[in-house]
Amino acid sequence: MSAQRLAEQFETLEKQDHAARLGMWMFLGSETLLFGALFAAYAYYRGIYPEEFVQALHHNSVALGTTNTVVLITSSFTVALAVHFVREGKSRLAAGLLAVSTLFGAVFLVVKGIEYTHHIHENALPAGAYSFLDQPPGGVVMGYTLYWFMTGLHGLHVIAGMIMLAAVGVLCWKGRYGAHRNVAVENVGLYWHLVDVVWIFLWPLFYLTD
């Protein structure tokens, strides 16, 4: 078990942990603003092209989208358990749960990759690359462009979250994090929950539009 190192600019470990938590909440706030702007753009264009959006997103697989929703919700549960156990000093159990959560993230990406592959074969691509329909209305192209951009950006967040989950998982396994030191695990858990929440909003917008 390694003692937590106090950075030079802090007076106590408590203040250092508080600053780390505050920094994470500020970062999550900026992420919320980013996705909030994209959701606002979706609402704006959906209001202009209601029928075209339904037409564009009609052939998205509800089964695959719902599978990924279940996968991410389950991964949030295992992350929450990991945070609970690391606080109790059961670092290796927490490491195992973080590894499971990382695998759930990989499953999400594989399912999303399968779906993207279908879209590519159908030429249901964003912006000028779209050719699924001959002379599609502008609203259809806009709907699919937003779909690719928002789900793609979310996918990048999933990848970043998996890297962070794996990193803190390894450090939990080595005993670096435990009851004595766990703010990094808490912060990564918060980030993963945000990734989950964003998908819970994306899922009905792009899969349950009928």
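**Exercises on the salt bridges**

Let us begin with Arg 21, which is partly exposed at a relative accessible area of 31%. The model you are looking at is predicted.

**Exercise 1.** Find out which residue meets Arg 21 in a salt bridge, and where the two partners lie.

*Solution.* Start from the side chain of Arg 21: a salt bridge joins it to the side chain of Glu 186, at 3.0 Å from N to O. Next, place the partners: Arg 21 lies in helix α1 (residues 13–48) and Glu 186 in helix α6 (residues 183–207), so this pair ties together parts that are 165 residues apart in sequence.

**Exercise 2.** Decide whether Glu 186 is buried or exposed.

*Solution.* The relative accessible area of Glu 186 is 12%. Buried means under 20%, so Glu 186 is buried.

**Exercise 3.** Work out what the salt bridge between Arg 87 and Glu 186 ties together.

*Solution.* First, the contact: the side chains of Arg 87 and Glu 186 meet at 3.1 Å, N to O. Then, the locations: Arg 87 belongs to helix α3 (residues 62–87) and Glu 186 to helix α6, so parts 99 residues apart in sequence are tied together. As for accessibility, Arg 87 is partly exposed at 48%.

**Exercise 4.** Describe the salt bridge of Lys 90, then name the residues that shared partners join into one network.

*Solution.* Lys 90 and Glu 88 meet through their side chains, at 3.7 Å from N to O. Lys 90 is partly exposed at 42% relative accessibility, and Glu 88 is partly exposed at 44%. Turning to the network, salt bridges with shared partners link Arg 21, Arg 87 and Glu 186.

Terms used
Residues numbered from 1 in each chain as written. Predicted model: local features only at pLDDT ≥ 70, side-chain atom pairs only at ≥ 80, totals over all residues. Heavy atoms only, no water. Salt bridge = Lys/Arg side-chain N within 4 Å of Asp/Glu carboxyl O. Helix = DSSP H or I, 4+ residues; strand = E, 2+ residues; numbered from the N terminus. Buried < 20%, exposed > 50% of the residue type's maximum accessible area, 1.4 Å probe, protein only.
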